[in-house]
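The exercises below are meant to be worked with the sequence and the model open side by side. Try each task before reading its solution.

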Amino acid sequence: MSQRLSEAHAPMESANAAAWDQPQGIEGGGNAPAATTVWQALAQGRRSTRRFLDKPIPDGWLEEMLVEARCAPSGANLQPGELFLVEGAARERMSSRLVQVYRDGALAKEDYGYFPQPMPMTLRRRQVAAAQALYGALGAARDDQDARRVQFERNFRFFDAPVALVVTIDSRMGSGCFMDLGMCLYGLMLAALARGLGSCAIGALASYPHVVREVLDLEAGVSVVCGLAMGYADPLAPENCIRTARRDVSEYFKIAR
Ligand SMILES: Cc1cc2nc3c(=O)[nH]c(=O)nc-3n(C[C@H](O)[C@H](O)[C@H](O)COP(=O)(O)O)c2cc1C
């Protein structure tokens, strides 16, 4: 197991306490460096978690995290998006139906387009690198379609995480509202990490919105955005040890004078 993973997913209780007990530091007062350290640990320690321990998260944590995530800014404070916690028979029904439609190979109309069509080559390279990092960690060769299918199906089972969330948005919302919702979801991921929990967004769920819509009994005017798996990361799982690359700042930051 990599040293980095144990650092990234270790509960950061002491660091947190420093930040929460001294909010004046976050406001820019005398303790700013403590808040900065906590923030850097969260931002740089987060990574997608795709295998979880069979250990529930403590009562009340999800509600706390949702409140914290909603502190995210949003245009005109619209706070778009809803989240569903999917449990028990509903979760089993959703997962097994999603796996089935995936295996059947049927294409469904998505509620929104996630990726550019066609994908420009520079972006395609990043996509391939991320996939190779995952499948490489799992020891799945490029042409091992069975191993890739098994891993892909795990998306539909929320990676067997103790917490399975479905994220939706009112279909009338514009693209800007997806930006708002994304900030809220990032807040949720960091709120989780601050408690020693891992998470992974699951865009794959939006490939079959009709299944999600049926199980959750969603109205026609509601779009399925993604899923989110959350729980204690399995520190020994190779797929949790992946470090994905990021663009150099010089590639996406320009100064106009
Ligand atoms: C909105 C969204 C949807 C995603 N959907 C999936 C998914 O369906 N399956 C998956 O394994 N990872 C999914 N991911 C995780 C990305 O692959 C991952 O964030 C990216 O490769 C960067 O890696 P990192 O999160 O470990 O930093 C998703 C991430 C986001 C933000």
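**Exercise 1. Which residues surround the ligand, and how is this shell made up by class?**

Step 1. In this predicted model, the ligand is surrounded by Arg47, Ser48, Arg50, Ala130, Asn155, Cys200, Ala201, Ile202, Gly203, Ala204, Cys226 and Thr244.

Step 2. Sorting the shell by class gives six nonpolar, four polar and two charged residues.

Step 3. Turning to secondary structure, strand β3, which covers residues 198-202, gives the most to the shell, with three residues.

**Exercise 2. Describe how β4 is paired and whether this strand is enclosed or open.**

Step 1. Begin with the inventory, since the protein has eleven helices and four strands.

Step 2. Strand β2 (residues 163-170) runs antiparallel to β4, and eight bridges join the two; within this pairing, threonine 168 stands opposite valine 224 of β4.

Step 3. β3 also pairs with β4 in the antiparallel sense, here over five bridges, and isoleucine 202 has glycine 227 in β4 as its bridge partner. Isoleucine 202 also belongs to the residues surrounding the ligand.

Step 4. Nine of the ten residues of β4 (residues 222-231) are buried, a residue being counted as buried if 20 or more other C-beta atoms lie within 10 Å of its own. The strand is therefore largely enclosed by the rest of the structure. For the protein as a whole, buried residues make up 27% of the 257 residues.

**Exercise 3. Which elements build the largest nonpolar core, and where does this core lie with respect to the domains?**

Step 1. The largest nonpolar core has 45 residues, and those with the most contacts inside it are Ala161, Leu188, Ala192, Val212, Leu228, Ala229 and Met230.

Step 2. At least two residues of this core are supplied by each of α4 (32-45), α5 (61-69), α6 (88-104), β2, α9 (175-194), β3, α10 (209-216) and β4, with the largest share, nine residues, coming from α9.

Step 3. Because domain 1 (1-45) and domain 2 (49-246) both give residues to this core, it lies between them.

Step 4. Take methionine 230 as a case: leaving aside residues up to four places away in sequence, methionine 230 touches Ala161, Val163, Leu165, Ala192, Leu197 and Ser199.

Step 5. As background, nonpolar side chains tend to be buried together in soluble globular proteins.

**Exercise 4. What percentage of the contacts between residues at least 6 apart in sequence join residues at least 24 apart?**

Among the contacts of the protein between residues at least 6 apart in sequence, 80% join residues at least 24 apart.

Conventions
Residues are numbered from 1 along each chain as its sequence is written. This is a predicted model: local features need pLDDT of at least 70, side-chain atom pairs count only at pLDDT 80 or more; totals for chains, interfaces and linings use all residues. A residue is near a molecule or strand if its C-beta atom, placed from the backbone, lies within 6 Å of it. Ala, Val, Leu, Ile, Met, Phe, Trp, Tyr, Cys and Pro count as nonpolar, Asp, Glu, Lys and Arg as charged, and the others, Gly among them, as polar. A residue is buried if 20 or more other C-beta atoms lie within 10 Å of its own, exposed if 12 or fewer, and partly exposed in between; C-beta atoms are placed from the backbone. Two residues are in contact if their C-beta atoms, placed from the backbone, lie within 7 Å. Two strands pair if DSSP finds at least two bridges between them. A nonpolar core is a set of buried Ala, Val, Leu, Ile, Met, Phe, Trp, Tyr and Cys residues joined through C-beta atoms within 7 Å. Domain bounds come from an automatic or database domain assignment.
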